[in-house]
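Here is a short tour of one model, meant to be read with the structure open beside you. We will look at cysteines and then at a sheet.

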Amino acid sequence: MTTLTELQQQRQSAMTIYARATAVELSDALERLGTPESVEDMRPPELGLVMARARMGGTGAPFNAGEVSVTRAAVRLPGGEIGVAYQLGRDKMKARSAALLDALWQTARRREVEAALDPIRARIADERILKERRAAATRVDFFTMVRGEDQ
Amino acid sequence: MYVAVKGGEAAIANAHRLLDHERRGDPSVPELSIAQIREQMTLLVDRVMTEGSLYDPDLAALALKQARGDIIEAVFLVRAFRTTLPRFGYSQPMDTDAMFAMRRISAIYKDLPGGQVLGPTFDYTHRLIDFNLAANGEPPTPKESDSALAGMPHVTGLLDQEGLIEREPGAEEGSPVGDLTRDPLDFPAGRDLRLQALARGDEGFILALGYSTQRGFGRTHPFTGEIRVGEVEIEYVPEELGFAVLLGDVVLTECEMINQFKGSASAPPQFTRGYGLAFGRGERKAMAMALVDRALRARELGEDIKAPAQDEEFVLAHCDNLQSTGFVEHLKLPHYVDFQAELELVRRMRAAHAENRMDDEALEAAE
């Protein structure tokens, strides 16, 4: 794949947050930002499938492992910015919110959008840390038993 | 003469209405919500996703509710649903090496990078019924470790560094990947198609076949190199963007079996591999799949094909529980005319048989 520009990377990273956010988190963020007027639904939220690929042995040639349900949406702002969302699941409202945020992110209001994502980022990070710590508590610490015969 | 017979519409409608009623059970017992099924019958939901070949926990939970908990009926509903949806495309290959693991164990190395992490497992439980669960008590909060998890490279990678295990051949970028939801399965099938079929195959069938290889029907001398369960990122490149976007995280279970050797005049002996992958937490399925994947590589590895688990047509043509149930269960549909024909045939045969006997007896009497 071609290398992405820095701007594309930043947009990609924001889209990662939309995917991991809850529908409520996204609609709250939009509410705080103020939903722009006269948004055009270029592609009204649509439900479909993506075939998930995995690799043989984890690292080898790809194979088709099974499908995932995906909702996509695209919106256009009056300024011409096009927001796009592709997300796991069947939540149409959430996909449209993500597309709206993606569009707003491309306007002069990028900083505001990024700020609105910060609490979501923090929540995701906290949950991950908790999950990881709980898993880590189940890590096996081996110890060697010294048998008594020679003592 | 063919006489078309119609009827049964009212009976069918009433039967479905009765089914809806029976599904609800005793109305004095609170109704199950989809969220309850999704959160508390997790492994059942995971199995329906795996065999339905569609990752969507809420949909699988709903299908299970509708199917009164019948797995294959739920799989049927999920598969039927997916046929109504457009296919946007194929994901980027998922990177299980970067899995955010909640469980990772190896049966071949005690000490390995990342360690043995048991996670939420039934292993080492005593399998005693816990009557506390009937009393609806809340479980204690899980323990937390102060330290984070270390990176968990694939165990097979460690063997690979020494050249002790066969390397998984990569593929040229853009080379075709078989998809049995697009083209009917043809034999001999490539490993891509075999893995796809096994991944959506019936857990019971694959388990029995895997077990058969352990009992000597196509023995492969397996070790569990590694089992890992956790969240994996799934990415997709929309045409309109031209770069990969995260669709979300899916829970996967992966099993790598390490099997006995293969070598040749030119190549020194090496361990061989079998691979299993399931949606959600499907450890038994992933392990059994890895055994059967390895058994089905018999042709490629120059082994004699003698056992059912090595016969790809036998395995792949019968591992799909929806196909199996379709053909078995169609037998209960009306076969009145077919049976009428059989009845007439057997009556004619009996008449001929009786006539022959009378002739024979007459002949004997005459002698």
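Across all chains of this predicted model, the number of disulfides comes to zero. The cut-off behind that count is a pair of cysteine sulfur atoms within 2.5 Å. Cys255(B) is in no disulfide, as the nearest cysteine sulfur, that of Cys319(B), is 17 Å away. Looking from the other end, Cys319(B) is in no disulfide either, and its nearest cysteine sulfur is that of Cys255(B). The table puts these two residues side by side.

| Cysteine | Nearest cysteine sulfur | Relative accessible area |
|---|---|---|
| Cys255(B) | Cys319(B), 17 Å | 0%, buried |
| Cys319(B) | Cys255(B), 17 Å | 2%, buried |

Now for the sheet. Chain B has an open sheet of four strands in the order 3-4-5-6, with antiparallel pairing. Which strands stand at the edges? They are strand 3 (100-105) and strand 6 (270-279) of chain B; each has a single partner strand, so one side of each lacks a neighbour in the sheet. From one strand to the next, the twist averages 20°.

Helix 9 of chain B, residues 283-296, packs on this sheet and touches strand 3, strand 4, strand 5 (245-262) and strand 6 of chain B. The direction of helix 9 makes about 140° with that of strand 6 of chain B.

If you would like one pairing to trace on screen, try strand 3 and strand 4 (residues 223-236) of chain B, which pair in the antiparallel sense over five bridges. Here Arg103(B) stands opposite Val229(B) in strand 4 of chain B.

Notes
Residues are numbered from 1 along each chain as its sequence is written. Chains are lettered from A and ligands numbered from 1 in the order in which they are written. This is a predicted model: local features need pLDDT of at least 70, side-chain atom pairs count only at pLDDT 80 or more; totals for chains, interfaces and linings use all residues. Side-chain values use heavy atoms; hydrogens and water are left out. Two strands pair if DSSP finds at least two bridges between them. Helices (H or I, at least four residues) and strands (E, at least two) are DSSP runs, numbered from the N terminus. Axes are lines fitted to C-alpha atoms, for helices over the stretch in contact, and angles run from 0 to 180 degrees between N-to-C directions. Contact means heavy atoms within 4.5 Å. Buried means under 20% relative accessible area, exposed over 50%, partly exposed in between (1.4 Å probe, protein chains only).
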